[in-house]
Amino acid sequence: AYVLQLDNVERHYQQGENILSVLGGANLALRPGETVALVAPSGAGKSTLLHIAGLLERPDGGEVYVNGRASGSLSDEQRTAMRRSDIGFVYQFHHLLPEFTALENIMMPQMIAGLSHEEAAVRARQLLDYMRIGARADHRPSELSGGEQQRVAIARSVANAPLVLMADEPTGNLDPATAGYVFEALEALVRQSGLAALIATHNHEIASLMDRRITLQDGQVVEMVAEQA
Ligand code: ADP
Ligand code: ADP
């Protein structure tokens, strides 16, 4: 059984007179708890693949299965519900809500999912402690360092205990030392919670920590061989 499966996924963009085929029948399958690095040059289609796999966008062809359920025939509302329950997303930029504290940002998705204020606060504090920023709970994003902001965004992405974490260059905006620490915390969280993860990164050190490395070549997902990784 797979938690995430892309079956022959296509995505084409109109660029002036031309059609650009970013994904031309891409296949990918993640087992529960499996971590996969997506390593490819800028423009290869990493964000496109993550957005489609994370149900943020619909493909032009093919099917995305989440926990064995096909998503293509679902309504937008049903896809949103599936995304909220099964998928976490971390971006290069944190996208935290500026007027709320770190704690409140992590509570938000849980409260949308129907948890009580108290339950959400307890879980948010645990996650902040786990990410080693418990002391920053009551700070707003603007009062946090880049690494701390990203730790909060990571904690928020797993607040509703998803099955799969998608991360698009999660440490790409940080200096190398900070990126290393933040990634260490991300990996520990993923391993501890048994999450599967698909992480786009240019960082080969990060990629080497994942169970598997893949790349995109001519719109296809290709397993990386040792000399590429
Ligand atoms: P990556 O994340 O690997 O840098 P992207 O998935 O962002 O790659 O983009 C892949 C290609 O698709 C790029 O050539 C980009 O210019 C193009 N592209 C992405 N989104 C759009 C869009 N909405 N409209 C047209 N072209 C796009
Ligand atoms: P990154 O490589 O960090 O993912 P990109 O610059 O590739 O950032 O893409 C940022 C956003 O802009 C994505 O949502 C992508 O879909 C969109 N985008 C990228 N290229 C184009 C394009 N040529 N036309 C329209 N939208 C694009």
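**Close-ups of two ligand sites**

**View 1. Who sits around ligand 2 in this predicted model.** Gln15, Ser47, His51, Gln92 and Asp168 surround ligand 2. On its own, ligand 2 exposes 550 Å², and the protein buries 29% of that. Sorted by class, the shell around ligand 2 comes out as four polar residues, one charged and no nonpolar.

**View 2. Ligand 2 and the Ser47 side chain.** Here we zoom in on a single pair of atoms. An N or O atom in the side chain of Ser47 is 2.4 Å from an oxygen atom of ligand 2. Ser47 also turns up in the shell around ligand 1, and so does Gln15.

**View 3. The shell around ligand 1.** The run from Pro41 through Ser42, Gly43, Ala44, Gly45, Lys46 and Ser47 to Thr48 is part of what surrounds ligand 1. Tyr13, Gln15, Leu20 and Val22 fill out the rest of the list. By class, that makes five nonpolar, six polar and one charged. Strand S1 (4–15), strand S2 (18–30) and helix H1 (46–53) each chip in at least two residues, with H1 giving the largest share, three residues.

**View 4. Polar atoms up against ligand 1.** Gly43 uses its backbone: an N or O atom there lies 2.7 Å from an oxygen atom of ligand 1. With Thr48 it's the side chain, where an N or O atom is 2.6 Å from an oxygen atom of the ligand. The Tyr13 side chain has an N or O atom 3.4 Å from a nitrogen atom of ligand 1. Ligand 1 has 560 Å² of accessible area on its own, and the protein covers 61% of it.

How values were computed
Residues numbered from 1 in each chain as written. Chains lettered and ligands numbered in written order. Predicted model: local features only at pLDDT ≥ 70, side-chain atom pairs only at ≥ 80, totals over all residues. Heavy atoms only, no water. Near = heavy atom within 4 Å. Polar contact = N/O pair within 3.5 Å; in protein donor to acceptor, adjacent residues only side chain to side chain. Areas by Shrake-Rupley, 256 points an atom, 1.4 Å probe, with all protein chains shown as cover. Nonpolar A, V, L, I, M, F, W, Y, C, P; charged D, E, K, R; others polar. Helix = DSSP H or I, 4+ residues; strand = E, 2+ residues; numbered from the N terminus.
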